[in-house]
Amino acid sequence: MITDGFLFLGVLLALAAVIVYCEKRSRLAFFRYVPGFVLMYIITALLNTVGVFSQDDEVVDLGAGVQDALLPAMILLLLFQCDIRKIIKLGPKLLLTYVVTAFSIFLGFVVSFLILHAVLDPEAWKALGALAASWTGGSANMVAVQSILHAPQDVFGYVLIVDTIIYSLWLLVMFGSVSISDKFNKWTKADTRYLDVHANDEGTADQKPIDLTSLICVIGFSIFISAAASGIGGLLPEIGVVITSSTWTILIVSVLGLVIGSTKLGNVAGSNEVAMVMLYMIIGIIASQSDFASLGQAPLYLVAGVIVMIVHIAVVVLYAKLTRTELFSLAVASTANIGGIASAPVVASAFNRQLVPVGVLFALIGAFAGTFFGLMTAQVLSLL
């Protein structure tokens, strides 16, 4: 059993290194369906289940401290590529499509919770709020909400598994939807000409190669801002069960990241890579407190996720019919929510390679807004 805090962090970093190496270098088809950070969670939780990690104060407190330090820094860095000016250029219809898609997911969680809350864990609303953050933003937003609300570790493990299963199946559906695009557009009487103005948008700016200067600036600046934002957040008032000092901290770094993303500073090399290292560490720390000994409720959360998707599909199809919206923007907006930056551009390219920037920008909107969608969802669910 590992009782030394330094060794505990060393094991998590080594495990993350092995997983990332296998994911990026081995080209195994397995990683197309199970992202590396999910594998990080599963393996770490399994190690904790068999008693590898001690729950002594030294290990737990050190992990919590590292998580609190890295989380705001990670959110800040992930938003460096989010240029608000390019998002505005998407135009009102594309932006409305994204908003409706995200709202349909929020509505799905409300409906799902109303149906199943009697048989779920009393604090399931916290974990479902984290899942809502993932499905309107990405995995970084998910861990942000989990950290703010302190969702039970075991229940969080269930929704992370649900996230992986639903995401994998939904991605296959979105790729398959390309083949029925023409029929769908004919049914909705959609006019696709307005997409032409976005076809030649370059999307995000090219970055210079990563070097020592960029790395030290990215790491040093992000950790400093994380510490400063945490200090300021601790001075601000708490409101209800959602608006806490952690919420204020995330809000501060999110707004600052959005501002930086609209300047040349947002193009600094290495910001995304460093953020991913932080994400793996945060996932590992969360998983080290999870125990897979009791998986009896896991199928209930899968049912909850399926209900969310049924509501999501119903709302976006109705919206498409009423507003004569084409399948491309629906599919990419949905993928940007459910899958995030890793999959939205890929789905966009399956429809039209020239419209990949639309997928990128949709995903970046979620990177900023996902945390707050998740917190809003959790707030509403806590009142039901």
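Begin at Lys189, which is exposed, with 55% relative accessible area. This is a predicted model, and the tour below moves from one selection to the next.

**First stop: two loop residues**

Lys189 belongs to the loop that joins α10 (181–188) and α11. Display its backbone torsions: phi is near 60°, a positive value in a residue other than glycine.

Next, select His150, in the loop between α8 and α9 (153–176). Here too phi is positive, near 55°, and the residue is not glycine. Is His150 buried or exposed? Its relative accessibility is 59%, over the 50% cut-off, so His150 counts as exposed.

**Second stop: helix α8**

His150 comes just after α8, so step back along the chain to residues 139–149, because these make up that helix. How many of the eleven residues of α8 are buried? Eleven of the eleven are, and the helix is described as mostly covered. The buried set includes the polar residues' positions Ser139, Asn141, Gln146 and Ser147. The buried list also holds Ala140, Met142, Val143, Ala144, Val145, Ile148 and Leu149.

**Third stop: helix α6**

Select residues 92–116, which form helix α6. Leu94 is found in this helix, and at 0% relative accessibility Leu94 counts as buried. To place Leu94 against another part of the chain, draw a distance from its C-alpha atom to that of Glu23: the two atoms are separated by 33 Å, and the residues are 71 apart along the chain.

Remain in α6 and show the side chains of Phe103 and Phe106. An aromatic pair is described by the distance of the ring centres and the angle of the planes. The model holds seven aromatic pairs. In one of them, Phe103 and Phe106 lie 5.8 Å apart, centre to centre, with 45° between the planes, and the pair is classed as tilted. Why are these two residues about one helical turn apart? They are three residues apart in α6, which means a separation of about one helical turn.

Colour the pair by accessibility. Phe103 has a relative accessibility of 44% and counts as partly exposed. Phe106, with a relative accessible area of 13%, is buried.

**Fourth stop: the salt bridge**

How many salt bridges does a search of the whole structure find? The search finds one. Select Glu123 and Lys126, whose side chains meet in a salt bridge with an N to O distance of 2.8 Å. Glu123 is partly exposed, with a relative accessible area of 33%, whereas Lys126 is buried, with a relative accessible area of 13%.

**Fifth stop: two surface patches**

Switch to a surface view and select Asp4, Asp56, Asp57, Glu58 and Asp61, which form a negative surface patch. Asp61 is found in helix α4, residues 57–78. At 52% relative accessibility, Asp61 counts as exposed.

For a nonpolar counterpart, select Ile210, Leu215, Ile219 and Ile223. What area does this nonpolar surface patch have? The patch made by these residues covers about 290 Å². Ile219 has its place in helix α11, residues 212–235. With a relative accessible area of 39%, Ile219 is partly exposed. Helix α11 also bounds the loop of Lys189, where the tour began.

Definitions and conventions. Residues are numbered from 1 along each chain as its sequence is written. This is a predicted model: local features need pLDDT of at least 70, side-chain atom pairs count only at pLDDT 80 or more; totals for chains, interfaces and linings use all residues. Side-chain values use heavy atoms; hydrogens and water are left out. Patches are made of residues with over 30% relative accessible area and no salt bridge: like charges are joined within 9 Å, nonpolar side chains (Val, Leu, Ile, Met, Phe, Trp, Tyr) within 5 Å. Accessible areas come from the Shrake-Rupley method with a 1.4 Å probe; for residues, only the protein chains shown count as cover. A salt bridge is a side-chain nitrogen of Lys or Arg within 4 Å of a carboxyl oxygen of Asp or Glu. Lys and Arg count as positive and Asp and Glu as negative; His and the chain ends are not counted. The place of a charge is taken as NZ of Lys, CZ of Arg, CG of Asp or CD of Glu. Helices (H or I, at least four residues) and strands (E, at least two) are DSSP runs, numbered from the N terminus. Buried means under 20% relative accessible area, exposed over 50%, partly exposed in between (1.4 Å probe, protein chains only). Rings of Phe, Tyr and Trp (its six-membered ring) pair if their centres lie within 6.5 Å; planes under 30 degrees apart count as stacked, over 60 as edge-to-face and the rest as tilted.
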